[in-house]
Amino acid sequence: MAVLGQNQYGKAENRVVKITRDGATHHIKDLNVSVSLSGDMDEVHYSGSNANVLPTDTTKNTVYAFAKEYGVESAEQFGIHLARHFVTSQEHIHRARIRIEEYAWERIEHSKKGAHSFVRKGQETRLTQITYDGETWEVVSGLKDLVVMNSTDSEFWGYVKDKYTTLPEAYDRILATEVSGRWRFNWTDDEQPMPDWNQSYEQTKKHLLQAFAETYSLSLQQTLYQMGARIIDNRDEMDEIRFSLPNKHHFLVDLEPFGLKNDTADGAVYFAADRPYGLIEATVLRDGCEARIPADLTNL
């Protein structure tokens, strides 16, 4: 006999662009919002009865209406408004999960009257996931597509070698990666003071980048840990951070056939390989805390 297991439904990838006009100066919030709801949904699966189903079109409309009614102070705050609404306004919905990607824009300075011209920033995409069950909150934020590079201060040697090993040891190499990271806040209920979400994001990114730049790296794993440890040590509002770091390999090009010495000491030419790539992943925790961020970040 078959029985129903875990299930959820909602409206995915609602693109929301909110323009706030402060006189001639405009501000942009550009979001991609996905809503997932779960609760008493057995009958819609067993018999097709929609008696407990809030239409996904309604969830889409709610996203746009809330953007107008409440504005978008931060991705986290907007997601909290939505999650609270769906759980508290619908008796059959017991849990809401809101996932948001935020795309940054920066102002184009020009001499014309007003400040309403922007260029899309391509450095990274800001992320958050809000989960609420009517009592407890879980906020996991982060970023993806943040490409960073150290052109020196990186080595890789002393590793295990077997009959299939051909990689030469490196004592001065390029270290580059595309950072995907998620961090879990320890704010879990409305009785606690809520973090300043925007400040938290900016400070976390700052510590991440500084740790990457300041670590003399003997392995990408070492750099990953230093990035996570620096954030945990400096940001009291979070207890866990997980990184997925593909190693964007740069290999020295063999120029000896052309009578050229390709040496890092005087500036070298590299081949940037996009695949296959080493993939380094790990979680850094505050001492005494439990890991809750999934190991596979593709589903978060």
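**Salt bridges, surface patches and unusual backbone spots**

Let me begin with D190, which forms a salt bridge with R84, the closest N and O atoms being 3.0 Å apart; by salt bridge I mean a side-chain nitrogen of Lys or Arg within 4 Å of a carboxyl oxygen of Asp or Glu. This pair links distant parts of the chain, with D190 in the loop between β8 and α4 and R84 in helix α3 (residues 75-89), 106 residues apart. Helices (H or I, at least four residues) and strands (E, at least two) are DSSP runs, numbered from the N terminus.

Before going on, I should say that this is a predicted model, in which local features need pLDDT of at least 70 and side-chain atom pairs count only at pLDDT 80 or more, while totals for chains, interfaces and linings use all residues. Residues are numbered from 1 along each chain as its sequence is written, and side-chain values use heavy atoms, with hydrogens and water left out.

Is D190 buried or exposed, or something in between? D190 counts as partly exposed because its relative accessibility is 39%, and R84, at 29%, is partly exposed too; here buried means under 20% relative accessible area, exposed over 50%, and partly exposed in between (1.4 Å probe, protein chains only).

How many salt bridges does the rule give? The count comes to 16 salt bridges. One of them joins the side chains of D57 and K60 at 2.9 Å, N to O, and both of these residues lie in helix α2, three residues apart, which is about one turn of the helix. D57 has a relative accessible area of 37% and is therefore partly exposed, as is K60 at 25%. A salt bridge with buried partners is that of E237 and R235, whose side chains meet at 3.0 Å, N to O; E237 is buried at 13% relative accessibility, and R235 is buried with a relative accessible area of 13%. There is also a network, in which salt bridges that share partners join K29, E76, E102 and R126.

Turning to the surface, a nonpolar patch of about 440 Å² is made by W157, Y171, Y216 and L218. Patches are made of residues with over 30% relative accessible area and no salt bridge, where like charges are joined within 9 Å and nonpolar side chains (Val, Leu, Ile, Met, Phe, Trp, Tyr) within 5 Å, and accessible areas come from the Shrake-Rupley method with a 1.4 Å probe, only the protein chains shown counting as cover for residues. Within this patch, Y171 is found in the loop between β7 (137-150) and β8 (175-185), and at 47% relative accessibility Y171 counts as partly exposed.

That loop between β7 and β8 also holds D153, which has a positive phi of about 60° although it is not a glycine. E13 likewise has a positive phi, of about 55°, without being a glycine; E13 sits in the segment before β1 (14-22) and counts as exposed because its relative accessibility is 57%.

Where, finally, is the peptide bond that is cis? It runs from R275 to P276, with omega near -5°, and P276 lies in the loop between β11 (270-272) and β12 (278-285).
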